[in-house]
Amino acid sequence: MQAQDDGTIRVDDHGDGVWRIEELYARPYCRGAIWVVDGGDRRLVLDAGWGLVPLREHVPALFDRPIVAVASHTHFDHVGGLHQFADRLVHPLEAAILADPTPDAVQSWPFLRDYDALAFDPVPGGFDAEGWRLPPMPAGAVGEGDRIELGGRSLTVLHTPGHSPGHLCLFEEVTGFLFAADAIYEGELFDDVPGASVPDLLATHARLAELPATRVFPSHFGVFDRPRLVELIAAYRREKRA
């Protein structure tokens, strides 16, 4: 792939075979990053955004090798485009949501009701909030300790509940790369949505703080290093104790 920005989709090269795809119409808190990790045999795609723009049309090079797509969790800004990939994986606790991804199940209704203020800037052309529905996207199961082999590189699956019951992070031991999804990022963490649990998120944070992570690739906002990871976790813990 190559870095690009066509005003709708941006592709950034983060080096070491890691790419970030963003849907530029979505506001930052609703712009779930689509992370791509290149292996020798296939690619990993972690999450798939809103899916309002066909990736095959805007980033055709993404599909020039086999892809395994993993849903970190099943909120709307992470699974909207998951149907674009044939090989899909999700934690068993959230598999039923992908099988029947209604607006209530993927928690999109609050944003759809006020999409021009909450979700999009600008609003995608022809967007129909009332009619926006996701197709069934049945997926295989993946969970704690599973390894995803890409050919020459391997990522370990971590079950990291808190933001959602089946939330997953991925960790590449060789590089220390942590793909943190919505477990931690530079901004307010959503810990009061349906299925969220502050105690579970605190436990997840304690676990992530012990990892020998070198770089953290979250679903929202910027990439950061391990010292910043520890700072963010400590700040959240202080906030909840207060």
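**Exercise 1. Work out whether alanine 33 is buried or exposed in this predicted model, and what surrounds it.**

Step 1. Start with the area. Alanine 33 has a relative accessible area of 0%. Buried means under 20%, so alanine 33 counts as buried.

Step 2. Now find its place in the chain: alanine 33 sits in the loop between β3 and β4.

Step 3. Look at who touches it. Skip residues up to four places away in sequence, and alanine 33 touches Arg20, Ile21, Leu46, Asp47, Pro218 and Ser219.

Step 4. Check one long hop along the chain. Valine 223 is 190 residues from alanine 33 in sequence, yet the two C-alpha atoms are 11 Å apart in space.

**Exercise 2. Follow β4: which strands does it pair with, and where do its side chains point?**

Step 1. Take β3 and β4. These two pair in the antiparallel sense, over four bridges. One pair to look up is tryptophan 19 with its bridge partner in β4, valine 36.

Step 2. Go on to β5. Here too the strands run antiparallel, and four bridges join β4 to β5. Valine 37 has leucine 44 as its bridge partner in β5. The link from β4 to β5 is a hairpin through four residues.

Step 3. Sort the residues of β4 by direction. Ile34, Val36 and Asp38 point one way, while Trp35 and Val37 point the other way.

Step 4. Put burial on top of that. Five of the five residues of β4 are buried, so this strand is largely enclosed by the rest of the structure.

**Exercise 3. Lay out the two open sheets and find their edge strands.**

Step 1. A bit of background helps here. Strands of a sheet pair through backbone hydrogen bonds, either parallel or antiparallel.

Step 2. Write down the eight-stranded open sheet: its order is β1-β2-β3-β4-β5-β6-β7-β8, and the pairing is mixed. At the edges are β1 (4–5) and β8 (140–141), each pairing on one side only.

Step 3. Pick out a parallel pair in it. β5 (residues 43–46) and β6 pair in the parallel sense over four bridges, and valine 45 stands opposite alanine 69 in β6.

Step 4. Do the same for the six-stranded open sheet, which has the order β9-β10-β11-β12-β13-β14 and mixed pairing. Its edges are β9 (147–149) and β14 (224–225); each has a single partner strand, so one side of each is left without a neighbour in the sheet.

Step 5. Zoom in on β14. It is joined to β13 (residues 215–218) by two bridges, and the two run antiparallel. Phenylalanine 224 in β14 is the bridge partner of valine 216.

**Exercise 4. Describe the nonpolar cores, then place phenylalanine 85 and leucine 211.**

Step 1. Count the largest core: it has 37 residues, and those with the most contacts inside it are Ile21, Trp50, Leu55, Leu62 and Phe85. Among the elements that each supply at least two of its residues are β2 (9–13), β3 (18–23), β4 (34–38) and α4 (109–113).

Step 2. Zoom in on phenylalanine 85. Neighbours within four places in sequence aside, it is in contact with Val45, Ala48, Leu55, Leu62, Phe63, Ile67 and Ala69.

Step 3. Move to the other core. Lying apart from the largest one, it has 21 residues, among them Leu189, Leu202, Leu211 and Leu229.

Step 4. Follow leucine 211. It is in the loop between α6 (198–210) and β13, and with a relative accessible area of 14% it is buried. Leaving out neighbours within four places, leucine 211 is in contact with Leu158, Phe171, Leu178 and Arg226. The C-alpha atoms of leucine 211 and phenylalanine 171 are 8.8 Å apart, though the residues are 40 apart along the chain.

**Exercise 5. Set out the two largest pockets: how much space is in each, and what lines them?**

Step 1. Begin with the largest pocket, which holds about 280 Å³ of space. It has 18 lining residues, with Phe76, Gln107, Phe111, Phe190 and Val193 nearest its centre.

Step 2. Split that lining by type: eleven residues are nonpolar, four polar and three charged. The largest share, three residues, comes from α4.

Step 3. Turn to the second largest pocket, with a volume of about 200 Å³. Of its 13 lining residues, Gly187, Glu188, Leu189, Tyr236 and Glu239 lie nearest the centre.

Step 4. Split this lining too: seven nonpolar, one polar and five charged.

Definitions and conventions
Residues are numbered from 1 along each chain as its sequence is written. This is a predicted model: local features need pLDDT of at least 70, side-chain atom pairs count only at pLDDT 80 or more; totals for chains, interfaces and linings use all residues. Side-chain values use heavy atoms; hydrogens and water are left out. Two strands pair if DSSP finds at least two bridges between them. A nonpolar core is a set of buried Ala, Val, Leu, Ile, Met, Phe, Trp, Tyr and Cys residues joined through side-chain atoms within 4.5 Å. Buried means under 20% relative accessible area, exposed over 50%, partly exposed in between (1.4 Å probe, protein chains only). Contact means heavy atoms within 4.5 Å. On a 1 Å grid over the protein atoms alone, a cavity is a set of points where a 1.4 Å probe fits but cannot get out, and a pocket is an open set with protein on both sides within 12 Å along at least five of seven lines; lining residues have an atom within 4 Å of a point. Grid points are joined across faces, edges and corners, and a volume is the space filled by probe spheres set on the points. Ala, Val, Leu, Ile, Met, Phe, Trp, Tyr, Cys and Pro count as nonpolar, Asp, Glu, Lys and Arg as charged, and the others, Gly among them, as polar.
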